[in-house]
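Student: I am new to this structure and would like a close look at one part of it. Could you choose a single helix and take me through its surroundings with care?

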Amino acid sequence: MEILLILVVLAGGGWWLCKRFYRVIRSAHRQNLWQRQNDAVSVGRQQQQQRQMYERRRRQQALNQKYRALQVALLQLDQAPDFQRAASRAEAASEVPLALRQRQYRRFRQKLVRHFVRRLRMGTETQVLLDSLTVLVEALGVAGFEASYIEQAASRQLQNRTMRPAENFSATLERVQREHADRKAALNQASLDPDTKQQLQEAQDQQLVESLMEMTLGNRGEET
């Protein structure tokens with residue numbers, strides 16, 4: 001009887017140990033499976049982040065190339081028969097931040113005027129130049145009417161170099177300042193959003209500066 005009791009106890013203890021061992025093994029297996037899944041998710045996230053970083057670098061490199069191509073086209077503007085090549089580069093760089101494209105317009109505006117004058121002297125039709133120039137300035141993020149201002153500045157420069165002004169320097173200065181003040185007053189009264197109004201006002205100020213420079217150069221030419 002005692003032997004039978006001992007065997008029962010041993011059998012029960014063995015079954016408990018087996019059950020406990022099985023639970024430990026199953027828990028370890030689950031822990032290992034969870035760890036592998038977690039590692040796989042972590043690796044997947046890292047690979048996704050690396051792909052995203054690669055795509056960002058690739059897009060940035062592509063934008064930088066388009067931006068450089070735009071700058072080169074503007075620098076080599078005097079080699080072109082009009083503004084179409086630079087306009088094409090500017091349109092291709094439409095994803096370049098607006099501030100950078102507008103900066104190039106401000107940087108090269110005087111060069112645009114000089115190129116307009118040069119092509120007029122070469123016999124290129126005004127409308128052909130104005131059409132391609134409008135595409136260019138709009139692609140640079142500037143209002144299209146700026147092309148008309150450039151055309152007007154080029155026409156004035158061309159006239160100042162080919163004919164004597166009908167009015168003296170003082171009268172011209174007074175007229176230019178009066179027209180500038182009238183345009184600024186009209187802009188102040190116009191119903192425009194603040195950013196657009198500021199842009200137009202800055203364009204008028206720039207136009208005044210260019211007009212004064214043209215008058216000064218023309219007056220020096222007469223004195224010599």
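**A close look at helix α3**

Tutor: Of the contacts in the chain with a separation of 6 or more, 72% are between residues 24 or more positions apart. Please keep in mind from the start that this is a predicted model. The chain averages a pLDDT of 78, and 76% of the residues score at least 70. Among the elements of the chain, helix α4, residues 126-139, has the highest mean pLDDT, at 94, whereas helix α7, residues 194-223, has the lowest, at 67. Where pLDDT is low, the predicted coordinates should not be read in detail.

Before turning to the helix itself, it helps to have the whole chain in view. Its secondary structure comes to seven helices and zero strands, so that a reading along the sequence gives the pattern α-α-α-α-α-α-α. Buried residues make up 28% of the 224 residues in the chain.

The part to follow is helix α3, which covers residues 98-121 and has 24 residues. From its first C-alpha to its last the helix reaches 33 Å, close to the 34 Å expected at 1.5 Å a residue. Helix α3 nevertheless bends, by about 55° at Phe-108. After the helix comes Gly-123, whose phi is positive, near 95°.

Let us start with Leu-98, which lies in helix α3. Leu-98 has a relative accessibility of 43% and therefore counts as partly exposed, since that class lies between the cut-offs of 20% and 50%. In sequence Leu-98 is 41 residues from Ala-139, yet in space the two are 9.5 Å apart, C-alpha to C-alpha. Leaving aside neighbours within four places in sequence, Leu-98 is in contact with Leu-140 and Gly-141. Gly-141 comes just after helix α4 and takes a positive phi of about 85°.

A second residue to look for in helix α3 is Gln-104. Is Gln-104 buried or exposed? Its relative accessible area is 3%, and because buried means under 20%, Gln-104 is buried. The side chain of Gln-104 makes a polar contact with the side chain of Tyr-67, at 2.8 Å. Not counting residues up to four places away in sequence, Gln-104 touches Tyr-67, Gln-71 and Leu-74.

Further along, Phe-116 brings in the aromatic rings. The count of aromatic pairs comes to two. In one of them, the rings of Phe-83 and Phe-116 have their centres 6.0 Å apart and their planes at 35°, so the pair is tilted, an angle that lies neither under 30 degrees, as stacked would require, nor over 60, as edge-to-face would. This pair links distant parts of the chain, with Phe-116 in helix α3 and Phe-83 in the loop between α1 (2-75) and α2 (84-92), 33 residues apart. Phe-83 has a relative accessible area of 0% and is therefore buried, and Phe-116, at 0% relative accessibility, counts as buried too.

For comparison, the other pair is formed by Phe-145 and Tyr-149, and it is edge-to-face, with 5.5 Å from centre to centre and 65° between the planes. Both of these residues lie in helix α5, residues 145-162, four residues apart, which is about one turn of the helix. Phe-145 is partly exposed, with a relative accessible area of 30%, whereas Tyr-149, at 18% relative accessibility, counts as buried.

Beyond helix α3, the place to look is Thr-124, in the loop between α3 and α4. Thr-124 and Asp-82 are 42 residues apart in sequence, and their C-alpha atoms are 8.2 Å apart in space. Apart from its neighbours within four places in sequence, Thr-124 is in contact with Pro-81, Arg-119 and Leu-129.

One of those contacts, Leu-129, leads into helix α4, where it is among the buried residues. The others buried in helix α4 are Leu-130, Ser-132, Leu-133, Leu-136, Val-137 and Ala-139. Helix α4 has 14 residues and reaches 20 Å from its first C-alpha to its last, close to the 20 Å expected at 1.5 Å a residue. Ala-139, named in that buried list, is also the residue whose C-alpha was set against that of Leu-98, 9.5 Å away, and this brings the walk back to helix α3, where Leu-98 lies.

Note on methods:
Residues are numbered from 1 along each chain as its sequence is written. This is a predicted model: local features need pLDDT of at least 70, side-chain atom pairs count only at pLDDT 80 or more; totals for chains, interfaces and linings use all residues. Side-chain values use heavy atoms; hydrogens and water are left out. Helices (H or I, at least four residues) and strands (E, at least two) are DSSP runs, numbered from the N terminus. The expected span of a helix is 1.5 Å times one less than its number of residues. The bend at a residue is the angle between axes fitted to the seven residues ending there and the seven starting there. Buried means under 20% relative accessible area, exposed over 50%, partly exposed in between (1.4 Å probe, protein chains only). A polar contact is a pair of N or O atoms within 3.5 Å; within protein, one must be able to donate a hydrogen and the other to accept it, and residues adjacent in sequence count only if both atoms are side-chain atoms. Contact means heavy atoms within 4.5 Å. pLDDT is the predictor's confidence in each residue, from 0 to 100. Rings of Phe, Tyr and Trp (its six-membered ring) pair if their centres lie within 6.5 Å; planes under 30 degrees apart count as stacked, over 60 as edge-to-face and the rest as tilted.
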